[in-house]
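Reader: I'd like a close look at one loop, and then a stroll through the rest. Could you keep it informal?

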Amino acid sequence: MLSNIYLDKFDKELEARGLCFVRYADDSNIFVKSEMAANRVMKSVTSWLERKLFLKVSATKTKIVRPTNSQFLGFTYWKNSSRWECIPTKKSKKNLYDKCRKELIRKKCVAQTNTKTFTRINQIVNGWINYFRIGRMKNFIDEFGQWLRHKIRVIILKQWKTPSRIYKNLQKLNEKLPYHFSDEQIYSVANTRLGLYRQANGNVVNFLLNADILAIRKEERPGLVNPLAYYLR
């Protein structure tokens, strides 16, 4: 709050110069058309801040870069055929995966209720998407959603424990859904010697535990968020 009040004069100075800029607290980006203009503006703006507002500009944090190499509040920039758009940085995307991995440790999730797991994952994913929603990220969100559902399917299969229970539960889902997998296909999945990771990645499990099924709310358990649907709504 104090930095916003103190730097209000800085905003007005940049506006008076006709510069395109964005600022949050003491972090700001100024956009110009060429490297020559960038050097000139950085020198004059640094001098103005030191003379008028008595602020020391950090030499290590202040630099000239192309928009695609810059970072601001977790965003960077990307240009399509006609205009510039903001997108989450690689670090921001990695943070989303890391937070979910921490909550989806298999041993931990198998021991607790899916209510707790789904609630926590929904909080993380919804919060991340709400923050970065203005960015262009449809393909990333789709890919992340597929990864997330696969992790959840592995946990569910592990919770079902035995081949007979896996077979029984998959058969129940098969009767309700229009995919019509054969008894042999379901039996093969339930009794496979493949590890859970590969078992959960086959067509039978993917279709019978699809995004719509996982999104169904059951009593106290919330449905698992579909990241792409939430982003596009």
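Reader: Which residues does I64 touch, not counting residues up to four places away in sequence?

Author: Before the loop, a word on the source. This is a predicted model, in which local features need pLDDT of at least 70 and side-chain atom pairs count only at pLDDT 80 or more, while totals for chains, interfaces and linings use all residues. Residues are numbered from 1 along each chain as its sequence is written, and side-chain values use heavy atoms, with hydrogens and water left out.

Now to your loop. Leaving aside residues up to four places away in sequence, I64 touches A38, N39 and M42, where contact means heavy atoms within 4.5 Å. I64 sits in the loop between helix 3 and strand 3; helices (H or I, at least four residues) and strands (E, at least two) are DSSP runs, numbered from the N terminus. Helix 3 covers residues 35-52, and strand 3 covers residues 75-79. I64 counts as partly exposed because its relative accessibility is 34%; on this scale buried means under 20% relative accessible area, exposed over 50%, and partly exposed in between (1.4 Å probe, protein chains only). E35 is 29 residues from I64 in sequence, yet the two are 7.7 Å apart, C-alpha to C-alpha.

Stay in that loop for a moment, since L73 lies there too. L73 has a positive phi of about 55 degrees although it is not a glycine. For background, most residues other than glycine have a negative phi. L73 is partly exposed, because its relative accessibility is 34%.

A25 gives you another case: its phi is near 55 degrees, a positive value in a residue other than glycine. You'll find A25 in the loop between strand 1 (20-24) and strand 2 (27-31), a hairpin with two residues between the strands. With a relative accessible area of 22%, A25 is partly exposed. Strand 1 and strand 2 run antiparallel and are joined by five bridges; two strands pair if DSSP finds at least two bridges between them. Within that pairing, F21 has I30 of strand 2 as its bridge partner.

Go back to strand 3 and you meet another hairpin, which joins it to strand 4 through four residues. Strand 3 and strand 4 pair in the antiparallel sense, over five bridges, and T76 stands opposite I87 in strand 4. Strand 4 (residues 84-88) is mostly covered, with four of its five residues buried.

Next come the helices. The axes of helix 4 (residues 90-103) and helix 6 (residues 114-132) come within 9 Å and cross at roughly 170 degrees. Here axes are lines fitted to C-alpha atoms, for helices over the stretch in contact, and angles run from 0 to 180 degrees between N-to-C directions. That crossing makes helix 4 roughly antiparallel to helix 6, a label for angles over 145 degrees. On the helix 4 side the contact is made by S92, K93, L96, K99, C100 and E103, and on the helix 6 side by R120, I121, I124, V125, W128 and F132. These residues divide into seven nonpolar, one polar and four charged: Ala, Val, Leu, Ile, Met, Phe, Trp, Tyr, Cys and Pro count as nonpolar, Asp, Glu, Lys and Arg as charged, and the others, Gly among them, as polar.

Following the chain past helix 6, M137 is in the loop between helix 6 and helix 7 (138-160). M137 is buried, because its relative accessibility is 3%. Setting aside residues up to four places away in sequence, M137 touches P88, W128, I129, F132 and Y231. W78 is 59 residues from M137 along the chain, and their C-alpha atoms are separated by 11 Å.

For an exposed loop residue, try E219, in the loop between helix 12 (211-214) and helix 13 (227-232). E219 has a relative accessible area of 77% and so counts as exposed. Its C-alpha atom is separated by 9.4 Å from that of T115, 104 residues apart along the chain.

Finally, the overall layout. The protein is divided into domain 1 (1-63) and domain 2 (88-230), with bounds that come from an automatic or database domain assignment. The C-alpha centres of domain 1 and domain 2 lie 46 Å apart.

Conventions
Parallel < 35°, antiparallel > 145°, perpendicular 65-115°, else oblique.
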